[in-house]
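Biologist: I should be grateful for a close look at one part of this model, the interior of the fold and the backbone around it. Which residues and elements would you point out to a first-year student, and in what order?

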Amino acid sequence: MAKKTEGKKKPFQLIKGMKDILPADARYWHYVNELTEKFANTYGFGKIETPIVENIDLFVRSIGQATDIVEKEMYAFTDQGGDRLGLRPENTASVIRAYLEHGMQTLPQPVKLFYFGPMFRHDKPQAGRYRQFFQVGFEVIGEAEPIVDAQIILIAYKFCQAAGFNCTIQVNSIGCPDCRPNYESELKDYFKRVKNKLSEISQIRFIKNVLRILDSKEEQDLPLIAGAPQQIDFLCEDCKNHFIQVLEYLDELEIPYALNPNIVRGLDYYNRTTFEIWAGEEEGSRQSALGGGGRYDGLVELLGGQATPAVGFALGVERFINQIKEADHKVPENPKPEIFLAQLGMEARKKALKLFEELTKAGIRVAENLSKAGLKSQLEMADRSGVQFTLIIGQKEIVDGTIMIRDMENGIQEVVDFEKAIIEAKKRLAKNIVSE
Ligand code: HAM
């Protein structure tokens with residue numbers, strides 16, 4: 001006998017590394033969204049939303065040809081019209097594209113922009129690492145003063161605090177195009193001497209971008225990295241002064257930070273201050289950096305504008321929400337219905353359909369199951385939804401022009417004039433709120 005399942009189509013499944021956000025988790029997303037808006041308002045950032053798809057060259061030029069993101073992780077494709085496009089792996093490049101395209105250089109500087117949206121990287125999926133993930137980002141464009149670096153770091157730090165957990169800022173300076181080459185050649189000399197002991201991936205980085213060896217997470221590289229020369233000792237006077245001032249501001253703000261010479265970041269556009277936000281008081285884990293950012297004074301010019309300094313950061317929202325959960329930080333529940341509206345019979349159903357609209361207009365959260373005919377199943381549903389009262393319109397109520405109010409806790413039922421349904425419901429809900 002043929003099996004029942006034969007011929008049935010296999011259900012579609014999520015693409016590897018992607019994630020559904022279901023209603024049970026929605027409150028966390030809502031919370032982070034609200035927190036973002038709150039911070040943006042406090043610090044004067046305007047919202048920007050750029051398309052998920054951009055010309056692929058925008059990302060290649062901004063992030064850098066020899067980076068992991070561009071080399072291995074980009075979702076790139078040719079569209080029907082033959083254009084080479086990419087799903088954004090990050091948003092700083094798009095924000096600067098928009099800054100230039102909409103003439104924002106002519107606005108009073110700095111221009112402060114924030115965003116909240118999905119990014120795409122074809123990375124190896126693992127805990128906290130997805131192929132579609134969300135970022136919250138803040139960018140300040142058009143200001144070179146170190147006080148802005150400090151304020152950006154402050155925002156990142158306070159964002160975590162507001163969400164109920166501690167973080168440490170790992171901070172470094174990677175200098176500028178004037179002083180970095182000296183450091184890079186020093187670093188090259190050093191790693192040349194120990195090249196055979198380096199991991200395979202770092203041997204490749206040695207050829208492509210020696211600085212990125214410092215970002216390696218390979219066990220065998222770590223002792224070698226620990227002994228490497230540090231950029232800080234090679235900074236030019238201007239970069240050194242800039243960095244000292246950033247640190248002085250951080251001291252002033254009492255932000256816990258750790259000087260970390262290995263924070264070189266995985267994107268090429270950075271100069272001077274670079275930082276990452278690690279969860280916990282001290283020794284966070286690199287793998288799960290909550291966020292990162294820094295100065296990118298060369299990017300506007302690289303994308304065709306006048307030389308314009310800028311600084312910013314982005315937080316990974318999934319990782320951020322994990323921390324909120326780990327810290328057991330209280331996040332408002334999804335709004336629950338306050339009353340249930342039940343009906344019995346065709347006429348009652350019609351009346352209930354209209355009454356639902358009036359109740360919600362009066363600001364009451366109402367649950368219903370208007371398509372159900374049986375009262376028993378509706379009352380069970382009312383019970384499950386945790387409401388205090390159920391309004392019931394039955395055949396008798398239709399004839400009498402009344403409505404029944406059932407207290408779900410003690411089962412006591414009272415009949416009132418249908419016209420008074422809203423007033424009575426409001427009265428009872430208010431009474432309950434007062435007596436809580
Ligand atoms: P990023 O360090 O590449 O920087 O990413 C920032 C944050 O996004 C990471 O710290 C992490 O929390 C999250 N993230 C990155 N990749 C993944 C992934 N595969 N899965 C889950 N979360 C991930 C940037 O993107 C820069 N645009 C930040 C910036 C803004 N710099 C200046 N302004």
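Modeller: Arginine 265 has a relative accessibility of 12%, so it counts as buried (buried means under 20% relative accessible area, exposed over 50% and partly exposed in between, with a 1.4 Å probe and protein chains only). The model is predicted, so local features need pLDDT of at least 70 and side-chain atom pairs count only at pLDDT 80 or more, whereas totals for chains, interfaces and linings use all residues. Residues are numbered from 1 along each chain as its sequence is written, and side-chain values use heavy atoms, with hydrogens and water left out.

Arginine 265 belongs to the loop between E8 and E9; helices (H or I, at least four residues) and strands (E, at least two) are DSSP runs numbered from the N terminus. Its backbone deserves attention as well: arginine 265 is not a glycine, yet its phi is positive, near 70 degrees. Most residues other than glycine have a negative phi, and most peptide bonds are trans.

Glutamate 254 offers a second case. Its phi is also positive, at about 55 degrees, although glutamate 254 is not a glycine. This residue sits in the loop between helix H9 (237-253) and strand E8 (257-259). Its surroundings can be compared with those of arginine 265: glutamate 254 is exposed, with a relative accessible area of 67%, whereas arginine 265 is buried, at 12%.

From that loop region we may follow the chain into strand E9 (residues 271-279), where threonine 273 lies. Threonine 273 counts as buried because its relative accessibility is 2%. Apart from neighbours within four places in sequence, threonine 273 is in contact (heavy atoms within 4.5 Å) with Asp149, Ile153, Val171, Asn172, Ser173, His242, Val246, Gly293, Gly294 and Arg295.

Glycine 175 is another buried residue, with a relative accessible area of 0%. It is placed in the loop between strand E7 (167-173) and helix H6 (180-193). When neighbours within four places in sequence are set aside, glycine 175 touches Arg180, Gln231, Leu235, Cys239, Asn271 and Arg272. Glycine 175 and glycine 316 are 141 residues apart along the chain, and 26 Å separates their C-alpha atoms.

A whole helix can be enclosed too. Helix H4 (residues 92-101) has ten residues, of which eight are buried, and so H4 is largely enclosed by the rest of the structure. Those buried residues are Thr92, Ala93, Ser94, Val95, Ile96, Ala98, Tyr99 and Leu100. They pack against several elements, namely strand E2 (53-55), helix H2 (56-63), strand E5 (111-120), E6 and helix H10 (299-302).

The chain beyond H4 has two backbone features to examine. Glycine 103, just after H4, takes a positive phi of about 60 degrees. Further on, the peptide bond that joins glutamine 109 and proline 110 is cis, with omega at about 0 degrees. Proline 110 is part of the loop between H4 and E5.

The last place to examine is where two helices meet. Two packed helices are described by the angle between their axes and the distance between the axes. Helix H1 (residues 23-43) and helix H5 (residues 146-162) pack at about 145 degrees, and their axes are 11 Å apart; the axes are lines fitted to C-alpha atoms, for helices over the stretch in contact, and angles run from 0 to 180 degrees between N-to-C directions. On the H1 side the contact involves Tyr31, Val32, Leu35, Thr36, Phe39 and Tyr43, and on the H5 side Gln151, Leu154, Ile155, Lys158, Phe159 and Ala162. By class, nine of the residues in this contact are nonpolar, two polar and one charged, where Ala, Val, Leu, Ile, Met, Phe, Trp, Tyr, Cys and Pro count as nonpolar, Asp, Glu, Lys and Arg as charged, and the others, Gly among them, as polar.

Leucine 35 in H1 lets us view that contact from one residue. It is buried, with a relative accessible area of 6%. Neighbours within four places in sequence aside, leucine 35 is in contact with Phe159, Ala162, Ala163 and Phe320. Leucine 35 and alanine 163 are 128 residues apart along the chain, and their C-alpha atoms are separated by 8.3 Å.
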